[in-house]
Amino acid sequence: KNCSRALVAALGFYLHDCWCLRGTVLQNPAMLVHQSSVAVCIASILHSKGVAWLAPALMSMSVPTLVQELLMFCGTIGMPATRPEVRALRLLWFSSFAASKLALLPLWLRHHESPEMHQPNLLPGKISYMLGLVLNLRFMFSAARDFP
């Protein structure tokens, strides 16, 4: 019950993000597609039975946002990207981004045979998660290329 409440709140957050990003659909739709894929994953979990254990791994995708906010603060106060603190934050962001985006894969490998994972309601979530994973890999390769 508490997990469902948290998922509903998270779904509201991602739907709000999608609404705010609607103006970017023609210039750069990647972020809108990403946020939409997470919203579909959450909705699929909410519509499925016995898969609430997927929620913590899915919600871990928000962890890099904290580090990203710290990096944006460093940019706002004018700290150069070559400073050791900023470089450490960038490395922490990259590693937390990679770990959080790949967090559901071990769970899927461990439980892919269980009947809960084969519910028709979960199929859109699986497809959208894979789409989001492809976008996340693209984001990670771009970020890795930009390391100083």
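## Second largest pocket

Helix H7 (123–145) contributes more residues than any other element to the lining of the second largest pocket, namely four. Helices here are DSSP runs of H or I with at least four residues, strands are runs of E with at least two, and both are numbered from the N terminus. Two or more lining residues also come from H2 and from helix H6 (104–111). The lining has 13 residues, and those nearest the pocket centre are Leu-104, Trp-108, Met-117, Lys-126 and Tyr-129. By class, 11 are nonpolar, one is polar and one is charged. Nonpolar covers Ala, Val, Leu, Ile, Met, Phe, Trp, Tyr, Cys and Pro; charged covers Asp, Glu, Lys and Arg; the others, Gly among them, are polar.

The volume of this second largest pocket is about 250 Å³. On a 1 Å grid over the protein atoms alone, a pocket is an open set of points with protein on both sides within 12 Å along at least five of seven lines, and lining residues have an atom within 4 Å of a point. Points are joined across faces, edges and corners, and the volume is the space filled by probe spheres set on them, with a probe of 1.4 Å.

## Model and conventions

The model is predicted: local features need pLDDT of at least 70 and side-chain atom pairs count only at pLDDT 80 or more, while totals for chains, interfaces and linings use all residues. Residues are numbered from 1 along each chain as its sequence is written, and side-chain values use heavy atoms, with hydrogens and water left out.

## Largest pocket

The largest pocket holds about 680 Å³ of space. Its lining is made up of 27 residues, with Met-31, Thr-65, Gln-68, Trp-93 and Phe-97 nearest the centre. Helices H1 (2–20), H2, H4 (63–76), H5 (84–101) and H7 each give two or more residues to this lining. H4 gives the most, with six. The class split of the lining is 15 nonpolar, seven polar and five charged.

## Overall fold

The chain contains seven helices and zero strands, giving the pattern α-α-α-α-α-α-α along the sequence. Its C-alpha trace spans about 50 × 35 × 30 Å along the principal axes. Of its 148 residues, 36% are buried, where buried is under 20% relative accessible area, exposed is over 50% and partly exposed is in between (1.4 Å probe, protein chains only).

The accessible surface is about 9,000 Å², and carbon and sulfur atoms account for 71% of that; areas come from the Shrake-Rupley method with a 1.4 Å probe. Among contacts (heavy atoms within 4.5 Å) between residues at least 6 apart in sequence, 73% join residues at least 24 apart.

## Helix H2 and the preceding loop

Helix H2 runs over residues 30–47, and its end C-alpha atoms are 26 Å apart, which agrees with the 26 Å expected for 18 residues at 1.5 Å a residue. The expected span is 1.5 Å times one less than the number of residues. Buried residues of H2 include Leu-32, Gln-35, Val-38 and Ile-42.

Leu-21 sits in the loop between H1 and H2. Leaving out residues up to four places away in sequence, Leu-21 touches Met-31, Leu-32 and Gln-35. Its C-alpha atom is 26 Å from that of Ser-95, which is 74 residues away along the chain.

## Leu-92

Leu-92 belongs to helix H5. Leu-92 is partly exposed, at 45% relative accessible area. The C-alpha atoms of Leu-92 and Val-40 are 28 Å apart, with a sequence separation of 52 residues.
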